[in-house]
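Welcome, and please open the model in your viewer. We will go from the whole chain to single side chains, one selection at a time.

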Amino acid sequence: MKKQILSVEDIHKIVNKTTPIGHEATNNVDVKEGLTIMLKVTHLFKSEIDRKSIWSQTFERLEEEADNFYDLTGWKGMERGKNKINVEGLLLFHPDIQNLLLQTLYALNGSDYKPNNPIYDLEDIFDKIFTVVPKGKEFDIEIIRLFLLPIYNSTHNSNYQMSEIFPASS
């Protein structure tokens, strides 16, 4: 395969399209292109959250089967409580995933998300959508309407709204 080389001019074109994070300057990306890019990134994060959720559920099932084995055999080799993972923390490292996604989405829009000064409304929406809504078109529409479009509007000082075809769900 022949090597393809990016010229100095190509690199400068790429670099000139970006803005330094922290300067609150937006990237000039069309709303459709911006939402498409953000949605693709969001899918990666959703997959990670779902993977951790499935792993946690599988671990719970295995622990229940081990309990049944211990009850049937009378074996006392392991106490469940000693090795139990905190089920309340269903999504391990969940806050880190949330902060990383928000930082990534804001960076894509040329802005900066400061995890030490969180936007609690966005984090609440994140929790609701990412942990409840399954992958698919419903997830995509909800994530655009409640999460990605507000981020785009806030970083681009715009007021795009979704069509009435997708009204707010209760």
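Among contacts in the protein chain between residues at least 6 apart in sequence, what percentage join residues at least 24 apart? The figure is 69%. Keep that in mind while you rotate the chain, and remember that this is a predicted model.

**Stop 1: the whole chain**

Start with a cartoon view. You should find 6 helices and 0 strands, so that the pattern along the sequence reads α-α-α-α-α-α. Of the 170 residues, 31% count as buried.

Now colour by pLDDT. The average over the protein chain is 75, and 69% of the residues score at least 70. Which elements have the lowest and the highest mean pLDDT? Helix α3 (residues 80-83) has the lowest, at 50, while α6 has the highest, at 90. Next, select residues 82-92, where pLDDT stays under 50. For this stretch the model has 20 contacts beyond four places in sequence.

**Stop 2: the start of the chain**

Select serine 7, in the segment before α1 (8-17). Serine 7 is partly exposed, with a relative accessible area of 25%. Show side chains here and look for glutamate 9: its side chain makes a polar contact with the side chain of serine 7, at 3.3 Å.

**Stop 3: threonine 42 and its neighbours**

Move on to helix α2 (residues 31-73) and pick threonine 42. Is threonine 42 buried or exposed? Its relative accessible area is 0%, so threonine 42 is buried.

Which residues does threonine 42 touch, leaving out those up to four places away in sequence? Select Leu101, Leu105, Phe130, Phe139, Ile143 and Leu148 to see them. For a distance to draw on screen, connect the C-alpha atoms of threonine 42 and aspartate 140: they are separated by 9.1 Å, although the two residues are 98 residues apart along the chain.

**Stop 4: the aromatic rings**

Two of the phenylalanines touched by threonine 42, Phe130 and Phe139, lead to the next selection. Add Phe147, and you have one aromatic cluster formed by Phe130, Phe139 and Phe147.

How many aromatic pairs are there? The count comes to 4. Look at the pair of phenylalanine 130 and phenylalanine 147: the ring centres are 6.1 Å apart and the planes stand at 70 degrees, so this pair is edge-to-face. It links distant parts of the chain, with phenylalanine 130 in helix α5 (residues 120-132) and phenylalanine 147 in helix α6, 17 residues apart.

A surface view will show how covered these two residues are. Phenylalanine 130 is buried, with a relative accessible area of 1%, and phenylalanine 147 also counts as buried, at 0% relative accessibility.

**Stop 5: along helix α6**

Select residues 137-156, which make up helix α6. This helix is mostly covered, as 15 of its 20 residues are buried. Turn it side-on and follow its axis: where does α6 bend? The bend is at isoleucine 144, and it amounts to about 45 degrees.

Now show the side chains of glutamate 142 and arginine 145. Both lie in α6, 3 residues apart, which is about one turn of the helix. They form a salt bridge, with the closest N and O atoms 3.1 Å apart, and the count of salt bridges comes to 1. Why do both partners count as buried? Buried means under 20% relative accessible area; glutamate 142 is at 10% and arginine 145 is at 14%, so both fall below that limit.

**Stop 6: just past the helix**

For the last selection, step to asparagine 157, in the segment after α6. Its phi is near 50 degrees, a positive value in a residue other than glycine. Is asparagine 157 buried or exposed? With a relative accessible area of 76%, asparagine 157 is exposed, whereas glutamate 142, back in the helix, is buried.

Note on methods:
Residues numbered from 1 in each chain as written. Predicted model: local features only at pLDDT ≥ 70, side-chain atom pairs only at ≥ 80, totals over all residues. Heavy atoms only, no water. Helix = DSSP H or I, 4+ residues; strand = E, 2+ residues; numbered from the N terminus. pLDDT = per-residue confidence, 0-100. Contact = heavy atoms within 4.5 Å. Bend = angle between axes of the 7 residues up to and from the residue. Buried < 20%, exposed > 50% of the residue type's maximum accessible area, 1.4 Å probe, protein only. Salt bridge = Lys/Arg side-chain N within 4 Å of Asp/Glu carboxyl O. Phe/Tyr/Trp six-rings, centres within 6.5 Å; stacked < 30°, edge-to-face > 60°. Polar contact = N/O pair within 3.5 Å; in protein donor to acceptor, adjacent residues only side chain to side chain.
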